[in-house]
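User: Hi! Could you walk me through a few salt bridges and one helix here, with the reasoning spelled out?

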Amino acid sequence: MRKVILRPYLLAITLFLFTTVYSYAQETAEAQPAESAAVVDSPVPNGNAENGEKLFKSLCAACHKPYSRAVGPALHGVVDKYDGDFEWLYAWIKNSAELIKSGDARANAIYNEYNQVAMNAFPQLSNQDMDDILAYVELPAPVIEAPVPDGKDVPVQTGIPTDLILGILSFVLLLLAVILYLVNKTLNRFAEVNGVKLYEDGAERKPLWKAYVENQFLLLVTVVVFLLGTAWFGYGYLMQVAVDQGYEPIQPIHYSHRIHAGDNKIECKYCHASARVSKHSGIPSLNVCMNCHKQISEVAPETLAEGKEEYSIDYNKEIEKLYEAVGWDKNTQSFTGENKPVKWVRIHNLPDHAYFNHSQHVSVGKIECQTCHGPVEEMEYMYQNAPLTMGWCINCHRETNVQVKDNEYYTKIHEELSKKYNIEEFTAADMGGIECGKCHY
Amino acid sequence: MSLDKKYWRNPEELNADSSVLEAIQKNEFVEDLPSKSQIREEESSDDSSTSRRDFLKYVGFSTAAATIAACEGPVVKSIPYVFQPERIVPGVAEYYATTMADGFDFSSVLVKAREGRPIKIEWNDKATAKAAGGARVHASVLSLYDTKRLQNPLVDGADVTWKTFNKSVQNDLDTVGDKQIVLLTQTFASPSTSKLVEDFKVKYPTAKHVVYDAISEHATLEAFNAKYGVRALPNYNFAKAKTIVSIGADILGDWQGGGFDADYAKSHTPTNGEMSKHYQFEANLTSTGGNADVRVLASPSAQKSILVEIYKQITGDSVSSKLPSEYQKKVADAVNHLKKGRSNSVVVTGLQDKAAQFLALQINEALNSSVIDVVNYRLIRQGSDADVMSVVKDMNAGKVGAVIMCGVDPAYTLPNAESFLAGLKKVKTTVSFALKKNKTAALCKYVGALPHYLESWGDIQFTRSEFGLMQPTIQKLFNTKQFQDCLLTWSGNDTSYYDYLKNNFSSYSNGVSWNTALHDGVFTSSMEEVGSEPSTNTSASQMASQLLKSSSKGSFELTLYSKIAMGDGKGANNPWLQEFPDPITRNTWDNYLTISKKDADELDLENRITSNGAIDGDIVDIKLGNTIVSNVPIMVQPGQAPGTLGLALGYGQVEGLQEEMKVGVNAYPLYNNFITTQSVEISKVDGNHEFASLQLQNTMAGRKDIIVETTLADFVNKDKEEWNPTPMFSKDHIEYPFDSKEVNLWQQFDRSIGHHFNLSIDLNSCTGCGACIIACHSENNVPVVGKAEVRNNRNMHWLRIDRYYSAGDTFKEEQERYETDGALDHHRNVEVESFDNPQVAFQPVMCQHCNHAPCETVCPVGAIGHGRQGQNQMTYNRCIGTRYCGNNCPYKVRRFNWFKYNRNDEFDYHMNNDLGRMVLNPDVTVRSRGVMEKCSFCMQMTQKSILDAKRDGRPVKDSEFQTACSNACDSGALVFGDVNDKSSEVYKKLQDDRKFYLLGYLGVKPNVFYQTKVTNS
């Protein structure tokens, strides 16, 4: 009985697999981010860091960062740097230009180090305010523990992976089938040995397929169902050919519309400026990115953590990619002139024979970008929201009213049309917006 | 009743028994599938091992493969700017004003650029000066993207850097010693370049500047110098003219720089019952002759007598003119009109003879003509034949140490090219600056790669007071440098030509700011005092007798001319220009010897028409002294003066051209002593030449109402219904006009709301120049199909300019004569008169955008729709290529894509390479194989105008609505606009009595209408 011996062996494998998976799940569950909050004595004893944070963000953050260089130097450690000479620091913050003029050596040294870019004067700050700010910047840098210690983009696994479950399930089913087959075979053999006759001689049962073929009604129903099904799925299949709704390619630089348009509420047309005047909405040139990213070389720690946790993306790395492409040297805060144009993957592709003009829809029709592009402000990865089929275009043209108000172009035509048809509103289709030649030439 | 005139397009149509013609008319709509001969031989089915079964297998497999492949869309990459230039918005066109100046064509232009690449040339409305052929100017943008352009400077045929190039040339120049350095250049007409050349002469005192024009105006320049003391060309304003007498001057062609057509059209269109009267005495039938009111056949020698006779009668000078008696009446008529028009009269001549030009100036002075302008003279031709000849002599004598050429190709264009080539071998340092490796450049040691004018800086002085600036509109495509930059380097000046130009600008700008001038492209300066009184007092009478002395020796008088398409041959590698049909012969891709029917019969020469309507011709050799130009095809040309021949210059180039463009014969060897009229012998040789002509294609099959023509007298005095009757239809024995609702089968739509576009075409103003054809190509990505396909009736022109011949007599006279003459005599008479000197009418025809379009109803897939703005809309992606529409179109304006004309090695023109494709208009679809296409009324342009207005929240201005053709037409023949705007110009045209519809009686209600042609005869 060769096959019977096999059985305990297989069982053992199954058991082994189950235990491994279970223990793996336990390990992942145990991995908890460790909260570390080492408290160090502040070099600014009488400063209120909370108030300092507010002041810093409103006055200083345009040029300074606490822990890294921006336009001005990193401020963390500034008290130590100047040996706790608060009077000097007050003088510098209140009016650095005066201090430089007075010939102060330290002031001139720092002025020259930073390419002689003068710092704004802040005469409105009291000494207490400045203490508060210093207290804030002297707080130790918060340590954000990355979930993946080595920082590589390894996908974060929470719980048992789906693939594994499916694999095990199919394995178990297979096993069951084999067992059933073996049982059946064994029983047959028993019957044979015991001389039990399973079928009457000569009176064989009619095979199922024969009975089925002879039942004409059933056959007809099946054929009809089959044809209808084929037509349904065939049509559905053909209709989705070249319709790339939901197309969500990976871009060379990860750009989060969620953060820019959603969290930061940057107006779409700030970056896609040509949508107002051109047929193209335009992929923003990199100098537009640098309008903000000259200052923002790192994202907020919470955002960074969120990106790593939820999307396994290191946003700071993406900003680095931008700097590399545009040729920006963070240390000297200048363009190196060596740039590598980014090859973005185009998401919305209209065929060449269809003419579409953004400015017609955005500027004249006053249609929100989201009407076609979907909830962009929620998209971490940009995807194609609309099917971009001709039927979809036409439908909208049939349903959307023309924005005739306050547009002198329409004054005459609106007057004539409303007189003729006694209507106040008319759709794009009424204006000839579904004529072939309007989009195909 | 001019309507009953008999119009014909081809001599064959006059032959009533022509079986060929009958066959063509019967087979009008039959176009066979591409036959074996058109498919490459190895693919032909006879000797193929592929069986039908295999074929089906392949089809099945490839269909399945294609279906599967089509399911997955390709990944499209988009690369935006890293730093976007402030003014460039992707998708929005930029316009720059600049100036074209290639030594032959000088014109202010507007360049339309998309994303930093020029895609179209338009006229600059601010410009007053133009000296160029409209078709060539519009086509010049394609020459920028020519794959045959030089991409690097060469030394001894190898690519080098500019540094090495300049250093080597400079070394050579330094060692030239006391030998001459010759700068042999095109006409620059550039004040800064002139100054630069003077600077160069300071460094190299033996240097000498010689200007060489391939097609010379030396005679006129000398005559003008003799009379007014300055080497320049007189300027003309034909808009003021009441009487124009032209003796062999192709004033609508390239005569004295050309560019007179727009002004000519203004005075030659009836306004307030008046129009100019134009007499043309010529040998070749030119488009000028075609537009003339009275055209008299005159050989070049007869033209001389006519000129002297006119001179005699106007000035009263007593010289003998030896005028043949047959011209006496016509000359007397012309003189009468000249005297009547007096100061609004002008006499011009195209005879390349100092004496002739001097007499013309003398006559105009006597007439006190205001049409000619001798104060604000033209400076766009400065070539001196004598100087060029002496350079050739000096080179052969070994006196020249270095020759530096720019923009010239003497090895191809000089009549005595052999002598030049012999001389060139004796010159140590040979430098040639050229766009392409032409014949001269190929023989030079140093070859400088020139940038195209759209990549260059420059200043141009058109006339004494009119200037233009040239600015780059694109980054240099190749490693090229301007000639002027090199001159600066060689002179030891390390400023760039741009700085030099800018510094020099203030010396002549008369206070105009650089930025304003650059923005406008043109500016006017006051006329500085140059020129002195003529040194010698030239006697006109002496000149007259001298003119008549030069007599002909050969049996034929040949007149060399330049074609509207090719000019002097600079555009030979431009497929748009090669496929541009000549306005008169309607031939493409060729030059040929035009000959009169009488002479052709005598020499047993003929043109044959093949069964598919293509034309073949016999071949002759032309002999001038010891020069023989062999294998010239002949074209029997109605209206060619007997005993004369015509041949176009600018063809037959070989070097620096793509294989497909090496067409025609080189006529420059016949341009002996730079004189366009020569006495030659011709002899028939064996062989047959295949023409690619649009002449007999798509016959109108005897349909009436194609052209409506009347005389000025009838137009002024008679009722409109007499000279432009409305077609009438009878219903229930009541006559209704053709556009009445009563006789209409169709339901009418109300088009009174919104825009309704119409195009008016004035047959009087249209000179047949063809700028519209090229503008249409450029705007609408019309493919080039090549010579063989044109011959197969498969040209893709969306807009064609039909040319009709007609006998001078009216139908009424014909009837009368029919009764007196015998039937046979009569037929012969009509034929002879038509052939001898036919009247010519030009008619631009594009899609007529019928409101009741016959093409729309027959489309089985609904690919043609009608817009409420009047356009007949062709939807390419819906078209399945049944060609029903083309067959049902009464105007034959639909063109079928028999092949894929882009990215196809069989059609190796601009659409087959990355460089050439840069000229394509991104707003217009590039059509694929198997679809019908046609004029769209430039939908993309009207849509843009409407959108601009909507965005600004204002009504559209009338002048904003344009099509490519109406925009390119500066003679005012094409007027496009919205007829629902009652203040628009096209609405006024619609109300004009001269209005008629092409085949209006069909009741298809076209949105294109024509204005009756009025002749002042």
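Analyst: Happy to! Contact means heavy atoms within 4.5 Å. This is a predicted model, in which local features need pLDDT of at least 70 and side-chain atom pairs count only at pLDDT 80 or more, while totals for chains, interfaces and linings use all residues. Residues are numbered from 1 along each chain as its sequence is written, chains are lettered from A and ligands numbered from 1 in the order in which they are written, and side-chain values use heavy atoms, with hydrogens and water left out.

User: What covers the buried residues of α14(A)?

Analyst: Helices (H or I, at least four residues) and strands (E, at least two) are DSSP runs, numbered from the N terminus. Buried means under 20% relative accessible area, exposed over 50%, and partly exposed in between (1.4 Å probe, protein chains only). In helix α14 (residues 301–311) of chain A, the buried residues are T303(A), L304(A) and G307(A). Their cover includes α11 (257–263) and α15 (315–326) of chain A.

User: Why do those buried residues count as being on the same side of α14(A)?

Analyst: The arc is that of the directions from the helix axis to the C-beta atoms. The face turned away from the buried side of α14(A) carries the exposed residues E302(A), E309(A) and E310(A). The buried residues lie on the same side because the arc they cover around the axis is only 105°.

User: How many salt bridges does the structure hold over all chains?

Analyst: Side chains of opposite charge can pair when their charged atoms come close. A salt bridge is a side-chain nitrogen of Lys or Arg within 4 Å of a carboxyl oxygen of Asp or Glu. Over all chains, the total is 60.

User: How many residues apart are K112(B) and E779(B)?

Analyst: These two form a salt bridge, with their closest N and O atoms 3.9 Å apart. K112(B) sits in strand β4 (residues 106–114) of chain B and E779(B) in helix α24 (residues 771–780) of chain B, so the pair links distant parts of the chain, and the separation is 667 residues.

User: Is R608(B), the salt-bridge partner of D618(B), buried or partly exposed?

Analyst: The side chains of D618(B) and R608(B) meet at 3.0 Å, N to O. D618(B) lies in strand β27 (residues 615–624) and R608(B) in strand β26 (residues 607–609) of chain B, so the pair ties together parts 10 residues apart in sequence. D618(B) is buried, at 5% relative accessible area. R608(B) has 27% relative accessibility, so it counts as partly exposed.
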